[in-house]
Amino acid sequence: MSDFATIDAKVRAGTRLSEDDALLLLRHPDLPAIGRLADLVRRRRHPHGEVTYIVDRNINYTNVCVTLCKFCAFYRRPGHDEGYDHPLELIYEKIRETKELGGVQILLQGGHHPDYDIERYERLFSSIKANEPIHVHGLSPSEILHCCNVSKLPLSQVVERMRAAGLDSVPGGGGEILVDRVRKLISPLKTMSDEWLGVMRECHRQGLRTTATMMFGHVETLEERVEHMRRIRDLQDEAGGFTAFISWTFQAPNTEMTDTPMVGGFDYLRTAAVSRLFIDNIENFQASFVTQGIDLAGVSLAYGMNDMGSVMIEENVVSAANCECLANIGELEKQIRAAGFAPRRRNMFYDRVDEQGQVAQRHHDPFWIERSGHADGRPAAIEEQFATLQAGA
Ligand code: SF4
């Protein structure tokens, strides 16, 4: 049986928390005490007083989708008047603007478009690399599996071909809650839990780093939140490829679940802090200023978060649900300083980068180095940047 004092002692001793411990914390009334514990763990893992962020742009290449998730305000069915599919030229233009603003990657995600097979994705990635090279943090497990289905190809081959064409890393989109009871209620046509985890496992096996996400505050129970975190922790024990854990709260407006009461800042802070305490094998935890606003994201830096996420030059998915808490670089850095930290720009691998996006200081992730057979490899473009920097030093 868990109690707060025992959990406190476990955290101080660096002992892994059980699912019962996490559940007790999610129900515990003393939010500041949970925050202090999460802060202690963050300081242990990140002792240099820095909070990172990335400058990037979300490019949602199409909003056409056949998967019809009930929580999604972004998609349009095939044939809908407001459906779009960006031409390559428009994508290049968006990347050019991103690079001019010091952006280091694009987050390339879209709907499950019935025409997107492997050849289409290969064209997309390789033409980006040929015309406007940039780190492509792209798709999500469910888009990758959709591509397998459209192309009638096995997962390993699809990941291999996408990687060869220019996919550099994979965001954890579509994680929602990794419990099939929940997924059947909110997104019955989408990947189920084992499939989502299976794609991530295959990506890690092939040397592609990914992030892990959790969208909470809808139909899930607290036990199911804990199960989600446990499944992420288990896969990280096995494969080690997650660079960060990012949680955010469900945004109901304009979705089929518009009547669902949305959770507030207390629940966000508590859940974010518990994720830092329970998932002890992922280095980085991102604040969600897009759903919580910049001020609460600043507060979350005292609840275990060490990264402010991305200065998004463009965001289309949660803004479709009337949630438009965007921030520019100045506002983000001001919030980080106000919380008592030094702001640092980064890339996907948490290397520190300068204002032009060049790698200034390399970062080594202990979990990846320990578990991966891929050593500490980066995509070729980053390796080149780093070699140039060393040659000039
Ligand atoms: S969340 Fe993704 S898969 Fe689901 S409807 Fe929206 S765009 Fe389609």
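## Around the ligand

Let's start with the ligand in this predicted model. Twelve names are worth finding here: the residues around the ligand are Cys 65, Thr 67, Leu 68, Cys 69, Cys 72, Phe 74, Tyr 75, Gly 111, His 112, Ser 142, Ser 187 and Lys 190.

What kinds of residues make up the shell around the ligand? Six are nonpolar, five are polar and one is charged.

## Strand β2, under cover

Now have a look at strand β2, which covers residues 105–109. Is β2 mostly covered or mostly open? It's mostly covered, with five of its five residues buried.

The residues of β2 point in two directions: Gln 105, Leu 107 and Gln 109 go one way, while Ile 106 and Leu 108 go the other. Whichever way they point, all of them are buried.

## The link to β1

Strand β1 (residues 50–60) runs parallel to β2, and five bridges join the two. To get from β1 to β2, the chain passes through helix α4, residues 88–100, in a right-handed β-α-β crossover.

Want one pair to look for? Arg 57 has Ile 106 of β2 as its bridge partner. That's the Ile 106 that points the other way from Gln 105.

## The link to β3

β2 also pairs with strand β3 (residues 135–138): the two run parallel and are joined by four bridges. Here the chain goes from β2 through helix α5, residues 118–131, to β3, and this β-α-β crossover is right-handed.

Which residue of β3 is the bridge partner of Gln 105? It's His 135.

Note on methods: Residues are numbered from 1 along each chain as its sequence is written. This is a predicted model: local features need pLDDT of at least 70, side-chain atom pairs count only at pLDDT 80 or more; totals for chains, interfaces and linings use all residues. A residue is buried if 20 or more other C-beta atoms lie within 10 Å of its own, exposed if 12 or fewer, and partly exposed in between; C-beta atoms are placed from the backbone. Two strands pair if DSSP finds at least two bridges between them. A crossover is right-handed if, with the strands pointing away from the viewer, the path from the first strand over the helix to the second runs clockwise. A residue is near a molecule or strand if its C-beta atom, placed from the backbone, lies within 6 Å of it. Ala, Val, Leu, Ile, Met, Phe, Trp, Tyr, Cys and Pro count as nonpolar, Asp, Glu, Lys and Arg as charged, and the others, Gly among them, as polar.
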